[in-house]
Amino acid sequence: GYLHFGHAQSMNMNFSLAFKKLGVETPQRETYFRYDDTNPEAECAEYIDSIREDVAWMGWKPARMSYASDYFDELYRYAEQLINDGHCYVCFQTSEDIEKCREIARMQAQARSKKLSGTDAAWPAGDPYSPWRDTEPAVNMKRFRDMRKGKYNEGECCLRMKMDMTS
């Protein structure tokens, strides 16, 4: 879609602060702009052109522009590597269940900050981890490839990192 004020504000702040922190002088400041076209067939040139014009109007003239789809094959290989290394898994939790797990993780983090542990009566109940987290890499790889083949309905599953939910 079109950029709105929040996009412009964030872009300006992030670019400006990054260049300032890195000590990059104004004439040497270059940006790369990547369009997030996760579904290239559905993208509309009107929006891409509008974003390009707005970014230039704000004074950010990208040295290079690319599209997320330019990297799909590379990103897919990275995902396979992460699955094989046991760092990713295919999860079938609903978005509501994922949010419940995140809330449990938040409550447990707050309890830890109060010096409580899992043995304390006041410890928040529940498991912050997905029940699919410990699935074998070979099973996850098959499921991931089945995702690519369209064997699951949209939103039925997703690829997730094995993040430390206690962090």
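**Cysteines, pockets and the α1 helix**

The sulfur of Cys157 lies 7.2 Å from the closest cysteine sulfur, that of Cys158, which is too far for a bond. This distance, like every value below, comes from a predicted model. A disulfide is a covalent bond between the sulfur atoms of two cysteines, and the cut-off applied here to a pair of sulfur atoms is 2.5 Å. For Cys158, the nearest cysteine sulfur belongs to Cys91 at 5.3 Å, and Cys158 takes part in no disulfide. A search of the whole structure returned 0 disulfides. The two cysteines Cys157 and Cys158 were also assigned to classes of accessibility. Cys157 is buried, its relative accessible area being 13%. Cys158 is partly exposed, with a relative accessible area of 28%.

Pockets were examined next. The largest pocket has a volume of about 580 Å³. Its lining is made up of Asp36, Thr38, Ala68, Phe72, Asp73, Leu75, Tyr76, Ala79, Phe144, Met147, Arg148 and Leu159. Two helices, α3 (residues 72-84) and α5 (residues 137-148), each contribute at least two residues to this lining. The greatest contribution is that of α3, which supplies 5 residues. By class, the lining of the largest pocket comprises 8 nonpolar residues, 1 polar residue and 3 charged residues.

The second largest pocket holds about 380 Å³ of space. It is lined by 15 residues, of which Leu3, Phe33, Tyr35, Asp36 and Ile51 are the closest to its centre. Two or more lining residues come from each of the helices α1 (5-22) and α2 (45-57) and from the strand β1 (32-35). The lining of the second largest pocket divides into 9 nonpolar, 2 polar and 4 charged residues. Asp36 appears in the lining of the largest pocket and is also among the residues closest to the centre of the second largest pocket.

The helix α1, one of the elements that line the second largest pocket, was considered separately. It contains 18 residues and extends 26 Å from its first C-alpha to its last, close to the 26 Å expected at 1.5 Å a residue. The residue that follows α1 is Gly23, which has a positive phi near 70°.

Terms used: Residues numbered from 1 in each chain as written. Predicted model: local features only at pLDDT ≥ 70, side-chain atom pairs only at ≥ 80, totals over all residues. Heavy atoms only, no water. Buried < 20%, exposed > 50% of the residue type's maximum accessible area, 1.4 Å probe, protein only. 1 Å grid on protein atoms, 1.4 Å probe; cavity = no way out; pocket = protein on both sides within 12 Å on 5 of 7 lines; lining within 4 Å. Points joined across faces, edges and corners; volume = space filled by probe spheres on them. Helix = DSSP H or I, 4+ residues; strand = E, 2+ residues; numbered from the N terminus. Nonpolar A, V, L, I, M, F, W, Y, C, P; charged D, E, K, R; others polar. Expected span 1.5 Å × (residues − 1).
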